[in-house]
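Please open the model in a viewer and keep the selection panel at hand. The tour proceeds by selections, each followed by an account of what is found there.

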Amino acid sequence: MVTWRRCREKQRKEASRLQGVNRKLSAMNKLLMEENDRLQKQVSHLVYENGYFRQHTPNTTLATKDTSRELVVTSHLTPNPPQDASPSGLLSIAEETLTEFISKATGTAVEWVQMPGMKPGPDSIGIVAISHGCTGVAARACGLVCLEPTRVAEILKDRPSWYRDCRAVDVVNLLPTTNGGTIELLYMQLYAPTTLATGRDFWLLRYTSATEDGSLVVCERSLNNIQNGPNMPPVQNFVRAEMLPSGYLIRPCEGGGSIIYIVDHMNLEASSVPEVLRPLYESSAVLAQKATMMALRQLRQIALEASQSSTPNGGRRPAALRALSQRLSRGFNEAVNGFTDEGWLLINNDGIDDVTILVNSSPEKLTGLNPSFSNGYTTVSNAVMCAKASMLLQNVPPALLLRFLREHRSEWADSSIDAYAAAAVKLGPCGVPGSRIRDYGSQVVLPLAQTIEHEELLEVIKMESVEHCPEDALIPRDMFLLQLCSGMDENAVGMCAELIFAPIDSSFADDAPLLPSGFRIIPLDSVKEKSSPNRTLDLASALEIGGSGNKLPGDHNSGSGTIRSVVTIAFEFAFDCHMQENVASMARQYVRTIISSVQRVALALAPSPLNPNGGLNAPMGTPEAHTLAKWICDSYRCYLGVELLKNGGHASEPILKPLWHHADAIMCCSFKASPIFSFANQAGLDMLETTLGALEEIGLEKILDEHGRRSFCTEFPHIMQQGFACLERGMCLSSMGRPVSYERAVAWKVVNEEQNVHCICLMFINWSFA
């Protein structure tokens with residue numbers, strides 16, 4: 001009876017799940033049909049224009065052809081009549097904005113092309129496109145989320161909560177309309193992404209209304225050029241930019257959820273920035289990554305959190321973790337921009353203007369940095385200093401450089417300065433870093449949260465002191481850093497990479513004071529290098545072979561040309577005003593040292609000048625990697641009697657690439673009492689949720705559960721005697737603590753040419769996250 005009830009309950013749950021999946025598929029099918037209809041209209045429009053062009057253009061010079069085409073295009077446009085600032089005038093502007101926005105979202109007002117690197121599919125974020133040949137930069141996306149339309153509109157209108165470049169949106173005035181909608185006059189500010197540019201601001205009209213089919217529309221446009229319209233005077237430290245009709249179309253789905261169309265269309269006044277930075281302001285792909293796709297990601301993340309019943313991460317709510325990452329990003333943007341209305345003041349340099357120093361002693365900046373303590377020490381941090389700089393790098397993909405900075409902190413960071421910053425935030429510094437600052441040894445990474453598509457990772461780093469010190473020591477025994485990583489996907493066009501961190505107290509409260517520091521690496525060119533997301537990040541080896549080695553399959557240039565990136569560095573320190581000169585000198589030297597380290601790392605990771613194709617015509621991978629791959633395959637064939645790879649591992653064909661892309665998780669561990677992983681293919685890294693650079697921190701015992709450890713210990717003698725052993729179905733854990741199930745596993749000895757045991761190799765077959 002009980003079994004029957006369980007079966008019925010299981011069938012009921014499965015039927016409910018399938019119904020939900022069918023509803024989503026129906027909604028997605030409807031979305032794809034609408035997109036197909038829009039594309040057909042766009043093709044028809046282009047065919048009509050082409051026919052008109054051919055009919056009315058004489059076969060003369062190219063200049064005449066260009067003029068005729070311009071006449072054809074402009075013939076579709078009608079001049080806007082003068083507008084006024086009265087409610088009826090603003091409503092007229094709003095209705096006009098609505099019409100233009102809808103024509104961009106679902107019509108052919110803009111020629112949209114697929115976003116490079118974005119392939120629509122069931123696991124994609126949505127259908128993303130960028131403009132081709134229109135004024136300014138524009139991006140469009142449509143997708144499906146499991147949130148009601150009113151909730152979607154509420155989230156999207158709160159732009160600073162998800163658009164990291166948005167500093168503030170102030171509602172200056174709000175007017176209800178006769179049709180039940182609302183008109184808002186907004187003033188919006190955007191941060192500058194680097195120290196080499198200034199922020200942008202917008203004077204906007206936002207119109208929210210419902211359509212006849214029950215859809216919700218939120219559309220916006222700039223009011224800058226409206227005759228007799230309301231005006232916003234220029235603001236210091238900002239360049240007035242223009243938003244062309246943009247917004248959100250939100251349609252309800254049957255059974256719940258919403259279909260969303262997003263259009264962002266801006267003129268960011270690229271002429272006002274240095275020429276080297278203009279690609280940032282003239283790229284629709286950059287706008288798509290920063291704003292359009294970020295809006296969809298925020299909606300999907302909130303929908304996922306709402307559907308989860310449990311609260312992971314030690315009981316911390318996802319919303320609280322998102323707030324922490326937002327505070328880190330916002331604090332770093334404030335440091336990079338250094339606005340005077342936030343209290344930042346520029347101080348004189350030391351004769352070299354490579355590093356900019358600003359000081360902030362405003363009460364708002366210091367709030368929370370000076371908690372009271374009962375141990376008798378008085379806090380003396382009454383100001384914050386920021387040292388910042390920007391530099392141009394050649395030929396290094398941002399994601400690759402970011403991973404090195406994240407995984408090899410000791411290559412660029414000074415533990416004395418880090419400890420000084422941690423002590424300043426916790427208790428207030430007692431002097432310039434010196435004899436009281438201790439060295440820090442190993443670091444432990446504690447993941448906190450990761451977004452759906454792994455484009456952002458929040459973690460805590462525990463830097464353990466190598467010295468013993470009492471509990472009540474002024475300088476903390478262990479240093480904790482809250483760290484945010486984003487832009488780790490090398491294939492994302494226009495995506496910048498960021499590593500932002502801040503010292504925190506070991507209590508790690510949600511409202512802990514934060515002084516963010518870090519790096520922002522922004523690609524400036526459309527040419528990008530396709531390299532493996534898990535390229536070996538061993539600096540010593542890279543320097544040793546001139547920067548062209550350490551490449552795994554797929555890790556080479558996809559075309560000619562160089563990759564330029566602008567790297568922005570900003571570090572913040574709490575200090576006592578009386579020590580400003582000493583701390584400024586320390587901060588300048590520290591940032592200059594970091595700049596030298598980053599340049600050295602970039603030189604090591606970039607392709608060799610003698611081989612501008614980055615090893616395109618050379619065998620892929622280092623000789624050591626090829627040798628290990630050969631040992632793995634030869635040993636498997638020797639002990640199990642079958643080939644590991646489909647091609648049979650012929651000498652004429654490289655075997656590292658098929659081994660790297662093998663569907664099952666293959667990983668090697670050291671032949672020691674406590675085995676440590678030394679190599680894994682792409683599936684193995686995905687299963688362990690780690691990178692090649694961090695493999696050495698993971699032991700075999702760390703991922704196996706009790707049953708798995710018992711099985712391995714039982715089978716180990718068989719591995720040594722007969723060369724291999726088969727393990728039954730089981731469970732293990734990734735480096736982030738996620739349970740992983742596998743159908744079966746095989747372990748075998750890997751021997752070298754002298755038949756000495758080099759390592760133990762394991763292959764987990766048909767694994768998946770449980």
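The stops below run from the whole chain to a helix, ring pairs and strands.

**Before selecting**

The model is predicted: local features need pLDDT of at least 70 and side-chain atom pairs count only at pLDDT 80 or more, whereas totals for chains, interfaces and linings use all residues. Residues are numbered from 1 along each chain as its sequence is written, and side-chain values use heavy atoms, with hydrogens and water left out.

**Stop 1: the whole chain**

Display the protein chain, whose secondary structure comes to 17 helices and 30 strands. Helices (H or I, at least four residues) and strands (E, at least two) are DSSP runs, numbered from the N terminus. Of the 770 residues, 51% count as buried; buried means under 20% relative accessible area, exposed over 50%, and partly exposed in between, with a 1.4 Å probe and protein chains only. A contact means heavy atoms within 4.5 Å. Among contacts between residues at least 6 apart in sequence, 65% join residues at least 24 apart.

**Stop 2: the largest nonpolar core**

Select Leu147, Val152, Leu156, Trp162, Phe202, Ile260 and Leu299, which have the most contacts inside the largest nonpolar core, a set of 54 residues. Such a core consists of buried Ala, Val, Leu, Ile, Met, Phe, Trp, Tyr and Cys residues joined through side-chain atoms within 4.5 Å. Helix H6 (residues 284-307) gives the most to this core, with eleven residues. Another core lies apart from it, of 51 residues, with Ile632, Ile655, Ala747 and Phe764 among them.

**Stop 3: helix H4**

Now select helix H4 (residues 149-157), where Pro149, Val152, Ala153, Ile155 and Leu156 are buried. These residues cover an arc of only 165° around the axis, so they are on the same side of H4; the arc is that of the directions from the helix axis to the C-beta atoms. Which exposed residues does the face of H4 turned away from its buried side carry? That face carries Thr150 and Glu154.

Next add strand S3 (137-145), strand S7 (216-222), strand S10 (246-252), strand S11 (258-267) and H6, against which the buried residues of H4 pack. Centre the view on Val152: not counting residues up to four places away in sequence, Val152 touches Val145, Leu147, Ile250, Ser258, Ile260 and Leu299.

**Stop 4: aromatic pairs**

Show the aromatic rings; a search of the whole structure finds twelve aromatic pairs. Rings of Phe, Tyr and Trp (its six-membered ring) pair if their centres lie within 6.5 Å; planes under 30 degrees apart count as stacked, over 60 as edge-to-face and the rest as tilted. Select Phe238 and Phe339: their ring centres are 4.9 Å apart and their planes are at 20°, so this pair is stacked. Phe238 is in strand S8 (residues 238-240) and Phe339 in the loop between helix H7 (318-337) and strand S12 (344-346), 101 residues apart. Both Phe238 and Phe339 are buried.

Move to Phe571 and Tyr590, an edge-to-face pair with 5.4 Å centre to centre and 75° between the planes. Phe571 belongs to strand S22 (residues 564-575) and Tyr590 to helix H12 (residues 580-605). Phe571 counts as buried at 3% relative accessibility, and Tyr590 is buried with a relative accessible area of 5%. Extend the selection to Trp412, Phe501, Phe519 and Phe573, which ring pairs link with Phe571 and Tyr590 into a cluster. Then add Arg409, whose charged end sits over the ring of Phe501, 4.5 Å from its centre. The criterion is NZ of Lys or CZ of Arg within 6 Å of the ring centre and within 35 degrees of the ring normal.

**Stop 5: strand S22 and its partners**

Select S22 as a whole: eleven of its twelve residues are buried, so S22 is largely enclosed by the rest of the structure. Two strands pair if DSSP finds at least two bridges between them. Strand S14 (residues 383-394) pairs with S22 in the antiparallel sense over twelve bridges, and the bridge partner of Leu393 in S22 is Ser565. Strand S19 (residues 517-523) also runs antiparallel to S22, joined by six bridges; here Pro523 stands opposite Ser565.

**Stop 6: a three-stranded sheet**

Finally, select the open sheet with the order S26-S27-S30 and antiparallel pairing. Its edge strands, S26 (730-733) and S30 (768-769), each pair on one side only. Four bridges connect S26 with strand S27 (residues 739-742), and Cys732 stands opposite Val740. In the hairpin of S26 and S27, Gly737 takes a positive phi near 85°. Along S27, Val740 and Tyr742 point to one face and are buried, while Pro739 and Ser741 point to the other and are not.
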